[in-house]
Amino acid sequence: MTMTAAPHDRAQQDRELVAQIRRRDQQALMALYRRYGALVYSLALRVVRIPVAAEEVTQDVFLKVWQQPERWDPAGGQFSSWLLTITRNAAIDRLRKEQRHAAVQVEASDELWATAGSNSVTDDPRWYDGQELARLVGRLPPEQRQLIELAFFAGMTHSELAERLGLPLGTIKTRLRTGLLRLRSLWQNSAE
Amino acid sequence: MNEQQGSGATSSRPLPPELTEMLPALGFGAADANEAEAFAALLADYPEAAAEMAEYAALHEALLFAAPPAQPPTHLARRLEQAITTAPAAGFWSRLRKAAGTERAAPFAAPLRWAVGAALALLLLLSGYLLGANRTLRQELGTMGAQLERQNLALGLLAADDVVRIEVPAAADGSAAHASVLWSPGYKVAILYAEEFPALSADQVYQLWLVQGEERISGGLFTVSGTGSGTLVFLPEPGLDAFDRLGITPEPAGGSPGPTSPAVVRGPIEL
């Protein structure tokens with residue numbers, strides 16, 4: 001499922017670009033933006049749903065990289081994962097600050113998963129894996145998919161999910177666990 | 001795979017059922033804080049559970065790449081390039097504050113006194129740090145003095161019992177920009193104090209936006225001094241309590257019908 005690429009070279013290029021950013025090289029940041037801007041924007045848009053807000057989150061994320069490049073520790077994981085993690089956190093913070101968290105769409109959204117992988121936004125091989133996983137999420141029953149969506153893209157925990165959906169906490173825990181077990185199983189089978 | 005049991009650990013020692021049930025949520029990051037805390041000790045006793053938890057953490061990481069593909073607008077690259085050109089180097093403001101002894105523990109406890117102290121400290125520091133010229137320093141002091149006089153007058157107008165304060169934080173992490181709004185419902189007058197805002201180019205102003213739901217109106221325009229301070233007196237109609245949040249963006253001189261740049265500060269209006 002993974003497109004062949006040169007992940008080692010890519011990781012090395014990321015390290016070099018971040019090192020240049022630490023030396024205040026603006027072109028290095030713009031090179032990182034060209035490489036990952038669409039990935040960051042896609043995730044931000046998926047979380048906040050409003051294009052203008054997604055633009056702001058995207059700019060904030062790259063400004064954070066510019067101002068604090070030392071926050072990425074190569075020993076802690078790949079640059080793209082770190083970048084998307086801070087993107088998700090920033091986007092979810094934005095939802096919470098704007099008090100739109102409670103208004104996040106709760107219906108499981110078939111169309112979002114159906115469009116997975118339709119247009120490549122990066123040559124990062126992990127994107128293809130992610131899009132494959134998105135397709136697998138789309139195969140889950142709606143009630144399980146809904147919980148995984150809200151937990152991941154809205155950052156909701158067990159108790160927040162229970163409150164948001166008006167369901168007993170035990171039901172939420174069981175349903176989410178079942179969904180994650182099934183998704184992991186599908187993911188493992190797809191990799192074989 | 002037996003979905004009810006999970007894959008289990010490779011160890012012959014069975015995991016406690018309550019831990020087995022919680023592992024997916026713990027690894028996926030969906031457990032509540034109190035749940036994660038409660039299971040931390042149990043996880044320490046069962047290190048073999050870490051492998052299974054890692055599989056859910058890997059699912060979580062892979063989902064970071066699972067958003068539907070979308071292309072950012074082309075103007076975003078230009079805007080980012082402009083922002084990094086004007087953004088201070090990392091740690092610049094914190095070094096400045098430390099050197100001036102004006103860490104932001106309670107920056108608006110006594111706004112006028114703080115403004116005077118911070119302005120003098122910043123100006124003294126800037127004299128050695130950036131300018132190094134007494135003439136420039138005197139000009140800056142003169143500008144700051146005039147600005148403080150205006151602030152003092154505005155505070156006099158708001159010397160009412162019903163004045164409420166709204167703090168507006170920086171929109172971006174790492175930014176030192178912040179603002180404070182004093183609002184008198186009785187007089188229906190508001191004063192905005194902007195501090196540590198990025199410098200504007202000659203053809204730009206800052207524009208205040210008052211937002212209610214999806215509706216956004218301009219609250220007024222202002223510029224900032226060389227130290228990033230600025231003031232705006234505005235008269236929100238029908239009142240500030242009619243809006244639920246505000247933000248400030250840099251805009252072309254004369255203002256814009258809607259924001260065209262990312263906010264420097266933004267926050268809810270909680271009265």
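**Exercise 1. The contact between the chains**

Task: Determine how many residues each of chain B and chain A gives to the contact, and state how much area the two chains bury between them.

Solution. The contact takes 57 residues from chain B and 67 residues from chain A. These values come from a predicted model. As a next step, consider the area: chain A and chain B bury about 5700 Å² between them. Of this area, 61% lies on carbon and sulfur atoms.

**Exercise 2. Polar and charged pairs across the interface**

Task: State how many salt bridges the rule finds across the interface of chain B and chain A, and examine the pair Arg184(A) and Glu55(B).

Solution. Begin with the general principle. Side chains of opposite charge can pair when their charged atoms come close. Across the interface of chain B and chain A, the rule finds 8 salt bridges. One of the salt bridges in the model joins the side chains of Arg184(A) and Glu55(B), with a distance of 2.9 Å from N to O. The cut-off for such a pair is 4 Å, and the value of 2.9 Å for Arg184(A) and Glu55(B) satisfies this limit. Polar contacts are counted separately: there are 18 residue pairs in polar contact between chain B and chain A, with both residues at pLDDT 80 or more.

Task: Which elements give two or more residues to the side of chain B that touches chain A, and how do the residues of that side divide by character?

Solution. The elements in question are α1 (17-28), α3 (49-63) and α4 (75-86) of chain B. Helix α4(B) provides the largest share, 9 residues. By character, the residues of this side of chain B divide into 33 nonpolar, 12 polar and 12 charged.

**Exercise 3. A salt bridge within chain A**

Task: Explain why the salt bridge of Glu149(A) with Arg46(A) ties together parts that are apart in sequence.

Solution. First, the search of the whole structure finds 15 salt bridges over all chains. Glu149(A) and Arg46(A) form a salt bridge in which the closest N and O atoms are 3.2 Å apart. Next, locate the partners: Glu149(A) lies in helix α7 (residues 142-153) of chain A, whereas Arg46(A) lies in helix α2 (residues 26-48) of chain A, so the pair links parts that are 103 residues apart in sequence.

**Exercise 4. Two sheets of chain B**

Task: Give the strand order of the open sheet of chain B that contains β1, and identify its edge strands.

Solution. This sheet has 4 strands in the order β1-β2-β3-β6, with antiparallel pairing. Its edge strands are β1 (164-168) and β6 (230-234) of chain B, each of which pairs on one side only. Neighbouring strands of the sheet are turned by 15 degrees against each other on average, direction ignored. Within the sheet, strand β3 (residues 189-195) of chain B pairs with β6(B) over 5 bridges in the antiparallel sense. Tyr193(B) stands opposite Thr231(B) in β6(B).

Task: Repeat the analysis for the open sheet of chain B that contains β7.

Solution. Here the 4 strands follow the order β5-β4-β7-β8, again with antiparallel pairing. The edge strands are β5 (215-222) and β8 (265-268) of chain B. The twist averages 25 degrees from one strand to the next. Strand β7 (residues 245-252) of chain B is joined to β8(B) by 4 bridges, and Gly247(B) stands opposite Arg266(B) in β8(B).

**Exercise 5. Backbone features in loops**

Task: Where are Pro238(B) and Arg49(A) placed, and what backbone feature belongs to Pro238(B) and to Arg49(A)?

Solution. Pro238(B) is in the loop between β6 and β7 of chain B. A cis peptide bond, with omega about 0 degrees, joins Glu237(B) to Pro238(B). Arg49(A) is in the loop between α2 and α3 (51-67) of chain A. Although Arg49(A) is not a glycine, its phi is positive, about 70 degrees.

Conventions: Residues are numbered from 1 along each chain as its sequence is written. Chains are lettered from A and ligands numbered from 1 in the order in which they are written. Side-chain values use heavy atoms; hydrogens and water are left out. Two strands pair if DSSP finds at least two bridges between them. Axes are lines fitted to C-alpha atoms, for helices over the stretch in contact, and angles run from 0 to 180 degrees between N-to-C directions. Contact means heavy atoms within 4.5 Å. Buried area is the accessible area (1.4 Å probe) that two parts lose on being put together, summed over both. A polar contact is a pair of N or O atoms within 3.5 Å; within protein, one must be able to donate a hydrogen and the other to accept it, and residues adjacent in sequence count only if both atoms are side-chain atoms. Ala, Val, Leu, Ile, Met, Phe, Trp, Tyr, Cys and Pro count as nonpolar, Asp, Glu, Lys and Arg as charged, and the others, Gly among them, as polar.
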